[in-house]
Amino acid sequence: MKNTISVLQNIIPDMLAVLNSRYRILEVISLHQPIGRRALSEVMNLSERTLRTETSFLRSQGLLFSSKSGMSLTSKGKQVFNQMEGILERLMKMDLKEETLAKKLNIQFCRIVPGDSDLSLSVLNELGIQAARMFNELLPEGEFVVAVTGGSSLAAMAENMTFELSDNRHFTFVPARGGLGDLMSIQANSISDLMAQKTGGANTALFVPDNLSEAVLNLLKDEPTIRHTLDMMKQANCLLYSVGNAKIMMERRKLADDLKNELIAKQAVGEAFGCYFDKQGKIVHRLSRFGLQIEDVARIPYAIAIAGGSSKSNAIKAFSHIAPDHTWLVTDEGAANLILKG
């Protein structure tokens with residue numbers, strides 16, 4: 001089935017995106033009918049212009065009807081909606097290991113790349129290729145504000161993005177965090193800008209470090225350019241992020257020795273969005289930082305996590321206790337095999 005999808009995607013690049021988009025519209029209408037276009041736009045976090053085009057098509061196919069109260073599914077619409085559920089399930093079918101991992105992590109979908117990205121740059125590049133492909137498969141047509149974190153996995157994804165991703169889509173990329181003081185190429189700011197260049201989208205920058213004191217954070221938040229970027233983050237309807245190994249992230253963030261010792265004592269295994277968490281997903285420390293907070297992840301409808309390497313297995317497993325169930329994950333066998341072995 002995967003090979004069939006790949007062939008069809010070469011002829012109809014947006015096939016899965018369109019199918020997924022129209023299925024979600026029917027799904028939301030089915031749950032909330034009758035529903036007006038404005039309310040539908042708010043629920044789906046899509047522009048009314050995009051929904052007008054899609055709902056007009058669905059209405060022309062006899063799947064929707066409109067009344068003063070809003071849109072509802074016709075009997076044919078209900079039948080097609082039920083049929084599409086099975087079709088999409090088959091199209092997006094994971095292999096046995098991917099399905100087992102998704103169930104174990106309690107997430108919607110996962111793709112496993114052969115190898116271990118801790119040991120091979122080619123595996124890291126393949127993570128990026130698969131993440132860019134998943135990005136294309138997951139997103140429907142429309143306008144997207146894409147929040148992006150940093151790290152080598154996201155940098156690999158950015159390198160593998162193309163202008164074709166912007167067919168019937170418009171992207172505005174925004175860094176989801178400040179700088180960490182490490183390599184410029186894996187900073188959120190740099191990756192966000194590269195993604196914009198690769199796709200022909202727009203970019204909003206954030207030129208501040210991530211590890212500032214609470215007092216300085218509060219002072220800078222009112223600076224106009226920073227306020228604009230923070231406001232754009234709040235509008236994000238797509239999120240691309242990674243999950244870090246706690247000890248590695250302590251070093252990248254250059255944490256003070258006393259805080260490192262405290263986190264080790266609290267058995268922190270992972271880090272995401274400035275939060276360090278233990279094996280049960282309990283947050284044991286939260287940094288003061290610019291950017292999206294871990295609580296924001298659940299409200300963003302399209303969320304892709306890109307995290308591989310055996311060193312991240314415990315972090316990924318722990319984060320699954322926090323991650324919303326609509327999460328899509330791209331990982332590798334280095335991490336997946338250790339997670340599945342328990």
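This is a guided tour of the structure, moving from the whole chain to single residues.

**The whole model**

Begin with everything displayed, and keep in mind that the model is predicted. The protein has 15 helices and 13 strands, and 53% of its 342 residues are buried. If you compute contacts with a sequence separation of 6 or more, residues 24 or more positions apart account for 71% of them.

**Strand β7 and its neighbours**

Select residues 238-241, which make up strand β7. In a regular strand the side chains alternate between the two faces of the sheet. Here Cys238 and Leu240 point one way while Leu239 and Tyr241 point the other way, and all four names belong to buried residues.

Next add residues 142-148, strand β4, which runs parallel to β7 and is joined to it by three bridges. To find the register, pick Ala147, whose bridge partner in β7 is Leu239. Then add residues 302-306, strand β12, which also runs parallel to β7, with four bridges between the two. On this side Cys238 stands opposite Tyr302 of β12.

**Helices α8 and α9**

Keep those strands on screen and select residues 152-159, helix α8. Six of the eight residues of α8 are buried, so this helix is largely enclosed by the rest of the structure. The buried ones are Ser153, Leu154, Ala155, Ala156, Met157 and Ala158, and they pack against α7 (121-138), β4, α9, β7 and β12.

Move on to helix α9, residues 188-199, and place a distance between its end C-alpha atoms: they are 16 Å apart, which agrees with the 16 Å that 12 residues should span at 1.5 Å a residue. Which residues of α9 are buried? They are Ala188, Asn189, Ile191, Ser192, Met195, Ala196 and Thr199. An α-helix has 3.6 residues a turn, so residues three or four places apart point the same way. The cover over the buried residues of α9 includes β4, α8, β5 (169-175), β6 (202-203) and β7. Just after the helix comes Gly200, which has a positive phi near 75 degrees.

**The cavity**

Now switch on a cavity display. Rolling a probe the size of a water molecule over the atoms shows where empty space is left. The count comes to one cavity of 30 Å³ or more, and the largest cavity has a volume of about 80 Å³. To see its walls, select Leu105, Ile107, Tyr241, Val243, Ala305, Ile316, Phe319, Ser320, Ala323, Thr327 and Leu329. Sorted by class, this lining has nine nonpolar, two polar and no charged residues. Tyr241, one of the lining residues, is also one of the buried residues of β7.

**The antiparallel sheet**

Hide the cavity and select strands β8, β9, β10 and β11, which form an open sheet in that order with antiparallel pairing. The edge strands are β8 (244-245) and β11 (283-286), each of which pairs on one side only. Between β9 and β10 there are three bridges, and in β10 the bridge partner of Ala272 is Cys275.

**Backbone details to check**

Most residues other than glycine have a negative phi, and most peptide bonds are trans. Three places in this model are worth selecting with that in mind.

- Phe273 lies in the loop between β9 and β10 (275-277), and its phi is positive, near 55 degrees, although the residue is not a glycine. At 5% relative accessibility, Phe273 counts as buried.
- Gln267 sits in the loop between α13 (257-265) and β9 (270-272), and it too is a residue other than glycine with a positive phi, of about 60 degrees. Is Gln267 buried or exposed? With a relative accessible area of 60%, Gln267 is exposed.
- Pro34 is found in the loop between α2 (15-32) and α3 (37-44), where a cis peptide bond joins Gln33 and Pro34, with omega about -5 degrees.

**A last stop at Thr55**

Finish by selecting residues 48-60, helix α4, and centring the view on Thr55. Thr55 has a relative accessibility of 0% and therefore counts as buried. Leaving aside residues up to four places away in sequence, Thr55 touches Ile25, Arg37, Leu40, Leu64 and Met71.

Definitions and conventions:
Residues are numbered from 1 along each chain as its sequence is written. This is a predicted model: local features need pLDDT of at least 70, side-chain atom pairs count only at pLDDT 80 or more; totals for chains, interfaces and linings use all residues. Side-chain values use heavy atoms; hydrogens and water are left out. Buried means under 20% relative accessible area, exposed over 50%, partly exposed in between (1.4 Å probe, protein chains only). Two strands pair if DSSP finds at least two bridges between them. On a 1 Å grid over the protein atoms alone, a cavity is a set of points where a 1.4 Å probe fits but cannot get out, and a pocket is an open set with protein on both sides within 12 Å along at least five of seven lines; lining residues have an atom within 4 Å of a point. Grid points are joined across faces, edges and corners, and a volume is the space filled by probe spheres set on the points. Ala, Val, Leu, Ile, Met, Phe, Trp, Tyr, Cys and Pro count as nonpolar, Asp, Glu, Lys and Arg as charged, and the others, Gly among them, as polar. The expected span of a helix is 1.5 Å times one less than its number of residues. Contact means heavy atoms within 4.5 Å.
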